[in-house]
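Please work through the exercises below with the sequence and the model open beside you. Each begins with a task sentence and continues with a solution in steps.

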Amino acid sequence: MPKNKGKGGKNRKRGKNEADDEKRELVFKEDGQEYAQVLRMLGNGRCEAMCIDGTKRLCHIRGKMHKKVWIAAGDIILVGLRDYQDDKADVILKYMPDEARLLKAYGELPDNTRLNEGIGGGLDEEEDGDAADYIDFEDEDIDKI
């Protein structure tokens with residue numbers, strides 16, 4: 001068998017888990033940029049996103065973020081709009097869940113934007129509506145079946 005002469009494999013490409021995004025400065029949109037929420041991932045470094053201005057755009061994940069920043073459906077992202085193609089955009093930045101909550105608090109995102117904060121994130125808001133979802137069966141109901 002030949003000797004390995006490379007510098008490492010898959011784990012080296014992944015690198016260390018550097019927590020550089022732990023406390024970063026909140027980036028607001030500039031002209032030529034727009035906030036968007038990912039509708040679905042399409043593969044090949046692309047996703048479909050609904051921008052805050054109401055336009056559904058095909059977004060391309062830039063190479064600096066590709067395989068380093070994982071984007072999923074429901075994430076809030078910052079996209080750069082193209083001058084020559086209105087239906088396409090480029091993903092510039094992915095906002096962490098706490099940053100997305102801050103953007104909503106500052107009024108950058110509209111109130112009807114549903115933030116995806118992981119598993120069970122949306123259930124915390126509806127504490128009083130739990131009784132309507134719970135169905136209580138009596139023993140008599142089971143006997144009739």
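**Exercise 1: the overall layout**

Among contacts (heavy atoms within 4.5 Å) in the protein between residues at least 6 apart in sequence, 50% join residues at least 24 apart. This is a predicted model, in which local features need pLDDT of at least 70 and side-chain atom pairs count only at pLDDT 80 or more, while totals for chains, interfaces and linings use all residues. Residues are numbered from 1 along each chain as its sequence is written, and side-chain values use heavy atoms, with hydrogens and water left out.

Task: Establish in what order the elements of the protein run from the N terminus on, and what share of the residues is buried.

Solution. Begin with the elements, which are DSSP runs numbered from the N terminus (helices are H or I with at least four residues, strands are E with at least two). The protein has four helices and five strands, and their order from the N terminus is α-β-β-β-β-β-α-α-α.

Next, turn to burial, where buried means under 20% relative accessible area, exposed over 50%, and partly exposed in between (1.4 Å probe, protein chains only). Of the 145 residues in the protein, 26% are buried. The accessible surface (Shrake-Rupley method with a 1.4 Å probe; for residues, only the protein chains shown count as cover) comes to about 11,600 Å², and carbon and sulfur atoms account for 48% of this surface.

**Exercise 2: the nonpolar cores**

Task: Determine how many residues the largest nonpolar core has, and which strand gives the most to this core.

Solution. First fix the term: a nonpolar core is a set of buried Ala, Val, Leu, Ile, Met, Phe, Trp, Tyr and Cys residues joined through side-chain atoms within 4.5 Å. In soluble globular proteins, nonpolar side chains tend to be buried together.

The largest such core has 13 residues, and those with the most contacts inside it are Ala36, Cys59, Ile71, Ile77, Val79 and Val91. At least two residues of this core come from each of strand E1 (33–43), strand E2 (46–51), strand E3 (56–61), strand E4 (76–81) and strand E5 (88–94), and E2 gives the most, with three residues. Apart from this core lies another one, of ten residues, which includes Leu26, Tyr35, Tyr95 and Ala100.

As a last step, follow Ile77: once its neighbours within four places in sequence are left aside, Ile77 is in contact with residues including Tyr35, Ala36, Ala49, Ile71, Val91 and Tyr95.

**Exercise 3: the salt bridges**

Task: Find which parts of the chain are linked by the salt bridge of Glu99 with Arg24, and decide whether Asp75 is buried or exposed.

Solution. Take a salt bridge to be a side-chain nitrogen of Lys or Arg within 4 Å of a carboxyl oxygen of Asp or Glu; a search of the whole structure finds seven.

In the pair of Glu99 and Arg24, the closest N and O atoms are 2.9 Å apart. This pair links distant parts of the chain, since Glu99 belongs to helix H2 (residues 97–105) and Arg24 to the loop between helix H1 (10–14) and E1, 75 residues apart. Glu99 counts as buried at 7% relative accessibility, whereas Arg24, at 30%, counts as partly exposed.

Now consider Asp75 and Lys94, whose closest N and O atoms are 3.6 Å apart. Because Asp75 lies in the loop between E3 and E4 and Lys94 in strand E5, the pair ties together parts that are 19 residues apart in sequence. Asp75 is buried, with a relative accessible area of 13%, and Lys94 also counts as buried, at 15%. Finally, Asp53, Arg57 and Asp86 are joined into one network by salt bridges that share partners.

**Exercise 4: two loop residues**

Task: Locate Asn44 and Lys67, and state what phi each of them has.

Solution. Asn44 lies in the loop between E1 and E2, and has a positive phi of about 60° although it is not a glycine. Asn44 is exposed, with a relative accessible area of 70%.

Lys67, for its part, lies in the loop between E3 and E4. Its phi is positive, about 65°, although Lys67 is not a glycine, and with a relative accessible area of 67% Lys67 is exposed.
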